[in-house]
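Biologist: Please pick one spot in this model and walk me through it slowly. After that, carry on outward and show me what the rest of the fold looks like from there.

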Amino acid sequence: MTLHRGMRLAAVALAGLIGLAACGSEKAADSGPVSLRVTVWTANEAHLKLFNSIADEYKKTHSNVTEIKFDPIPFESYTTTLTTQIAGGNGPDLAWLLENSAPDFVSSGALVPLDDTLAKADGYNVADLSPSATKLWQTGGKLYAYPFSTSPFGIFVNTDLLKAAGQKTPAELIAAGQWDWTGAYAAAAAVKAKTGKAGLVVRDFDYKGWDNLASIWTGWGAQAWSADGKTCGFAAPEMVDAMTTLHKAIFTDKALPGPGTAADFFTGEAGMTITQISRASLLKDAKFGWDLVPLPAGPKGKYAVIGQAGIGALKKGKHAAEAADFLAFFTRPDNSAKLAAYFPPPRQSQLTAETLAKTNPLLKPEQLQTVVIDGIATGVVKPSHSGQAEISQAVRAALDPLWKADADVKGVLDGVCSAINPLLAK
């Protein structure tokens, strides 16, 4: 299946969720043996070990639940695969949901409302959930998914490679008040020129996941579309400036690997990478010196961008009531603290550097404060919109001509708006 066809199927499947949900409400709890399936997009062993340990604790007090299976789906095809499963009648009981698909899932009626289940759970303390973290996952005053990760983007730095390239480290530039995109691109270009390694990698972008570029363009004050979702922002001067600068960094200065070139920061192949703290576990056995710093300042000053993920129970799952009950257990305060080792929690009481440091031994309290705590306080969430699957595919297709050395940046960005304006107007 081509990605273009897969994205079209995802759009159709998401639209069909409304019809599926309308066929009936969540099922009553079963009295017989229950097997729950939870789709996730991580296959990281440390993550899965933690999830399974929480599931094992749950099963000890819920004898009817005989199995809780965490089913990894590759990130790049996650939403397409999930929605296709649901449309085909073999969806999971619970699912991780990306922020860009939140509006469709939340509005479709495909998810079990969680408010009553969470309120009744012993010691849950719903009031501790941050209103800003839950906002994306609510409609009509009800919560349809728990935002288990509210994670700002930061930059992991291979300090050995930067020093080998004769560059100051970001920490040194931060201390001097000079950490900005001009310096970051220059340092990345120097790493490529002097070491042969990649300079800067935007993880999970690979010239396909365009919304991850929000971690860059937000520093110029650019946005994919207006806050009300009705006006395209790709042709705005701020976006043109941001993407022109990025294009030069890729094709002229070689600060970022070009299309078709892969480089994994976590195996020492790049000087810097933009990603979230859930990746820190990949540095457990790192053979190089490293640091984690906030995103560089842009022309509009300091900023932060947040990626969010929710977990919801599917109404049409085989065991919807049990799924919601396990979700409440999975996200209760003590388990939320454990999950915070990889996924910054929405619980206000747990969003302190000291609390996060207890479960993030690889990260220093000051790194957690400046990247995570401060980022959550000031950050904007990556682009999301109803009908996101169709819009995302249209943006990606319209951006394809940009990833050539002789691209007309403004012309391409004008074309993006021409492509998505009809979709934004729906």
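Modeller: Let's begin with Lys59, and keep in mind that this is a predicted model. Is Lys59 buried, exposed or partly exposed? Its relative accessibility comes out at 27%. Buried would need a value under 20% and exposed one over 50%, so Lys59 counts as partly exposed. The residue is part of helix 2, which covers residues 45-60. Leaving aside residues up to four places away in sequence, Lys59 touches Val65, Thr66, Glu67 and Ile68. For a sense of scale, take Val157, which is 98 residues from Lys59 along the chain. The C-alpha atoms of that pair are separated by 41 Å.

Val157 gives us a way into a sheet, since strand 7 spans residues 154-158. The sheet is an open one with four strands in the order 8-9-7-10, and the pairing is mixed. Its edges are strand 8 (198-202) and strand 10 (290-294), each of which pairs on one side only. Ignoring direction, neighbouring strands here are turned by 20° against each other on average. Strand 7 and strand 10 run antiparallel and are joined by five bridges. If you want to find that pairing on screen, look for Gly154, which stands opposite Pro294 in strand 10.

Two helices lie across this sheet. Helix 9 (residues 181-195) crosses strand 7, strand 8 and strand 9 (270-275), and it runs at about 125° to strand 8. Helix 15 (residues 365-378) lies across strand 7 and strand 10 instead, at about 35° to strand 10.

Now go on to strand 11, residues 305-313, where nine of the nine residues are buried. In a regular strand, side chains alternate between the two faces of the sheet. Split that way, strand 11 has Val305, Gly307, Ala309, Ile311 and Ala313 on one side, and Ile306, Gln308, Gly310 and Gly312 on the other. Both faces are covered, with each of those residues buried.

What does strand 11 pair with? Strand 3 (residues 94-98) is one partner, held in the antiparallel sense over five bridges; within that pairing, Leu94 has Ala313 as its bridge partner. Strand 6 (residues 146-152) also runs antiparallel to strand 11, again with five bridges, and there Ser151 is matched with Gly307. Strand 12 (residues 380-381) pairs with strand 11 in the parallel sense over two bridges. In that pairing, Ile306 has Val381 as its bridge partner.

Strand 11 also takes us to the largest pocket, which has a volume of about 840 Å³. Among the 31 residues lining it, those closest to the centre are Val380, Val381, Lys382, Pro383 and Ser384. So Val381 turns up twice: it is the bridge partner of Ile306 and it is one of the lining residues closest to the pocket's centre. Strand 11 gives the most to the lining, with three residues. Helix 6 (131-134), helix 10 (214-217), strand 11 and strand 12 each supply at least two. By residue class, the pocket lining has 17 nonpolar, 11 polar and three charged residues.

There is closed space to look at too. The structure holds one cavity of 30 Å³ or more, and about 30 Å³ of space lies in the largest cavity. Its lining consists of Tyr146, Phe148, Ser336, Leu339, Ala340, Phe343, Pro345 and Pro346. Strand 6, which we met beside strand 11, and helix 13 (333-339) are the elements that give two or more residues to that lining. Sorted by class, the cavity lining is seven nonpolar residues, one polar and no charged.

One last stop is helix 3, residues 78-87. How many of its 10 residues are buried? The count is seven, and helix 3 is mostly covered. Those buried residues are Tyr78, Thr79, Thr80, Leu82, Thr83, Gln85 and Ile86. Just after helix 3 you reach Gly89, which takes a positive phi of about 80°.

Methods. Residues are numbered from 1 along each chain as its sequence is written. This is a predicted model: local features need pLDDT of at least 70, side-chain atom pairs count only at pLDDT 80 or more; totals for chains, interfaces and linings use all residues. Side-chain values use heavy atoms; hydrogens and water are left out. Buried means under 20% relative accessible area, exposed over 50%, partly exposed in between (1.4 Å probe, protein chains only). Two strands pair if DSSP finds at least two bridges between them. On a 1 Å grid over the protein atoms alone, a cavity is a set of points where a 1.4 Å probe fits but cannot get out, and a pocket is an open set with protein on both sides within 12 Å along at least five of seven lines; lining residues have an atom within 4 Å of a point. Grid points are joined across faces, edges and corners, and a volume is the space filled by probe spheres set on the points. Ala, Val, Leu, Ile, Met, Phe, Trp, Tyr, Cys and Pro count as nonpolar, Asp, Glu, Lys and Arg as charged, and the others, Gly among them, as polar. Contact means heavy atoms within 4.5 Å. Axes are lines fitted to C-alpha atoms, for helices over the stretch in contact, and angles run from 0 to 180 degrees between N-to-C directions.
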